[in-house]
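User: Hey, got a minute to go through this one with me? I'd like to start with the contact between the chains.
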Amino acid sequence: MTPSTSVPAQWPDRYGDELYRFALSRVSDSDVAEELVQEAFLSALDGLATFRAEASERTWLFVILRRKIIDYYRRQARATHVGLDEISAEGPTEADFFVPKNGHWTSQQAPTSWLNADAALEQQELHDILQRCQKRLPAQQGAVFALRFIEELSAEEICQELGLSSANYWIIVHRAKLQLRRCLEKHGLGKD
Amino acid sequence: MLLEQQADRPASESMPASLWLHLRYCPYCSRYAKQTMLIAEWARASAARQTSTGPALSDAAKARMRERLAAG
């Protein structure tokens, strides 16, 4: 499709559903997803003159939306401070999971065996629980987790996007996963 | 944290001996290593699933967006 055949007013009907589902799968909030899709359309309209049709119009809109989603995560993450003290203040820390004097798992937090883990992926319930657990993460941890494991940005890209040091980045990833694991287990994962 | 860093390395890069040894003698850590990989895999699968089966954009939202786009 060439720029001359692009009809922006048709974008919502033509691509709106797909873009909205994509946004909703990332932000889990229907109002925010809607807003991101609208922002993507308006940015595309502004940049229509630069659209060279090297990619399809659909692909181009997805690229713009993905950028909007990354910007959204960045705003979320930057709404909280990023120093180590602030990271500690944001939810549980290693001290909640490990015995400080020897670094071993505490008996309450030691990972249980996830006996039904292989079958769990097929269950809608797992996806619902995982999304709920992700929403409960502190903003910065949620943003880092989503950028790394859903958007699949590299550690370097995430540090750049969120203004994090490498050391803080690894702490945040580690804590996000510790919390997600605990949340999944609280909701029954690993129990027969 | 070493586990997270290891998971981020290319598969071709071997695990540091110290980490390998630690996992061998720490069953909880070994279990956690598998679980941390599963969580990442599930998060990707969950987002992909919602992308293909999630709800559609409402007609009202589409109408609002059409208006904004038409207004330029």
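User: How many residue pairs are in polar contact between chain A and chain B?
Analyst: There are 11 such pairs between chain A and chain B, with both residues at pLDDT 80 or more. Keep in mind that this is a predicted model.

User: Which helices of chain A supply residues to that side?
Analyst: Helix 1 (11–27), helix 2 (30–46), helix 5 (117–120), helix 6 (124–136), helix 7 (139–149) and helix 9 (166–186) each put in at least two residues. Helix 1 of chain A gives the most, with 11 residues.

User: And what's the mix by class on the side of chain A that touches chain B?
Analyst: That side has 31 nonpolar, 11 polar and 11 charged residues.

User: OK, salt bridges. What's the count between the two chains?
Analyst: Three. Asp13(A) makes a salt bridge with Arg66(B), where the closest N and O atoms are 2.8 Å apart.

User: How much area is buried between chain A and chain B?
Analyst: About 4,300 Å², with carbon and sulfur atoms giving 64% of that. On the chain A side, Arg21(A), Trp170(A) and Lys177(A) supply 15% of the area chain A buries against chain B, more than any other three residues.

User: How many residues does each chain bring to the contact?
Analyst: Chain A brings 53 and chain B brings 38.

User: Switching topic: what's the secondary structure of chain B?
Analyst: Four helices and zero strands, so the pattern along the sequence reads α-α-α-α.

User: And what share of chain B counts as buried?
Analyst: 35% of its 72 residues. The accessible surface of chain B is about 4,300 Å², and 57% of that belongs to carbon and sulfur atoms.

Conventions: Residues numbered from 1 in each chain as written. Chains lettered and ligands numbered in written order. Predicted model: local features only at pLDDT ≥ 70, side-chain atom pairs only at ≥ 80, totals over all residues. Heavy atoms only, no water. Buried < 20%, exposed > 50% of the residue type's maximum accessible area, 1.4 Å probe, protein only. Areas by Shrake-Rupley, 256 points an atom, 1.4 Å probe, with all protein chains shown as cover. Contact = heavy atoms within 4.5 Å. Buried area = accessible area lost by both parts, 1.4 Å probe. Salt bridge = Lys/Arg side-chain N within 4 Å of Asp/Glu carboxyl O. Polar contact = N/O pair within 3.5 Å; in protein donor to acceptor, adjacent residues only side chain to side chain. Nonpolar A, V, L, I, M, F, W, Y, C, P; charged D, E, K, R; others polar.
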